[in-house]
Amino acid sequence: MAAMLLWACHPALSAQTLCPKPTGRVVLVLHPPGGSATPCDLQALDKMPQKTLETSLPASLGLTGHNRWSGVALSHIAGLLGAGPNADIQLIALNNYAVSVPMSDLRRYDPVLASRRNGDMLSVRDKGPLILIYPFDQHRELDAQEYLNRSIWQIHEIRIK
């Protein structure tokens, strides 16, 4: 949530400030409201504050076992993109599947835009390069279809609605 305060104090921040010109393979494209698309590589995402969640995913997501997921809190990216308190964050996968995540999820569950599982980078074959991970073990109410649907993988774009 500190990112939202940063945005409020510095409205001139843009997605370009968030992700410098990529030097590696682009894994994420950010679309701030009213701004132009900004590509991000994994190196830029790794320079952001990192968060780790240890959780087991519901079996329907196809990734078994208790794992350590690490990456950037979606709330951090949403804040830097200028998401307001009632915004929806649209996550779009490589196959153009899209979900909307309400800001209330970010405040209550603080899901992670994970790029690593147990320290290993996620490949496209393993639902990478980015997957949204909710803390399923800590909040049993997350084992519901609406949250399973929001647990999108192969994320490639983020838009603020």
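This is a short tour of a predicted model, stop by stop, with something to select at each one.

**Stop 1: the sheet**

Start by colouring the strands. Five of them, in the order 2-1-10-5-6, make up an open sheet with mixed pairing. Now pick out strand 2 (38–41) and strand 6 (98–102): these are the edges, and each has a single partner strand, so one side of each has no neighbour in the sheet. Turn the view a little and look at how the strands cross: on average, neighbours in this sheet are turned by 25° against each other, direction ignored.

Next, zoom in on strand 5, residues 88–93. Strand 5 pairs with strand 6 in the antiparallel sense, over 5 bridges. For a landmark, select Ile 92, and you'll find Ala 98 of strand 6 standing opposite.

**Stop 2: the core**

Switch on some side chains. In general, nonpolar side chains of soluble globular proteins tend to be buried together. Here, the largest nonpolar core has 48 residues. Which of them touch the most other members? Select Leu 28, Leu 30, Leu 45, Ile 77, Ile 89, Leu 91 and Ile 158 to see them. Then highlight helix 4 (residues 74–80), which gives this core its largest share, 4 residues.

**Stop 3: the salt bridges**

There are 6 salt bridges in the structure; let's visit some of them.

Select Asp 110 and Lys 51 first. Their closest N and O atoms are 2.8 Å apart. Asp 110 sits in the loop between helix 5 (103–109) and strand 7 (112–117), while Lys 51 belongs to strand 3 (residues 51–56), so this pair ties together parts 59 residues apart in sequence. Are these two buried or exposed? Somewhere in between: Asp 110 has 23% relative accessibility and counts as partly exposed, and Lys 51, at 21%, counts as partly exposed too.

Move on to Arg 150 and Asp 105, whose salt bridge has its closest N and O atoms 2.7 Å apart. Because Arg 150 lies in helix 6 (residues 145–150) and Asp 105 in helix 5, the pair ties together parts that are 45 residues apart in sequence. Both Arg 150 and Asp 105 are buried.

For the last pair, select Glu 157 and Arg 159, which form a salt bridge with closest N and O atoms 3.4 Å apart. Glu 157 is buried, at 17% relative accessible area, whereas Arg 159 is partly exposed, at 30%.

Before you close the viewer, add Glu 146 to your selection of Asp 105 and Arg 150: salt bridges with shared partners join these residues into one network.

Key: Residues are numbered from 1 along each chain as its sequence is written. This is a predicted model: local features need pLDDT of at least 70, side-chain atom pairs count only at pLDDT 80 or more; totals for chains, interfaces and linings use all residues. Side-chain values use heavy atoms; hydrogens and water are left out. Two strands pair if DSSP finds at least two bridges between them. Helices (H or I, at least four residues) and strands (E, at least two) are DSSP runs, numbered from the N terminus. Axes are lines fitted to C-alpha atoms, for helices over the stretch in contact, and angles run from 0 to 180 degrees between N-to-C directions. A nonpolar core is a set of buried Ala, Val, Leu, Ile, Met, Phe, Trp, Tyr and Cys residues joined through side-chain atoms within 4.5 Å. Buried means under 20% relative accessible area, exposed over 50%, partly exposed in between (1.4 Å probe, protein chains only). A salt bridge is a side-chain nitrogen of Lys or Arg within 4 Å of a carboxyl oxygen of Asp or Glu.
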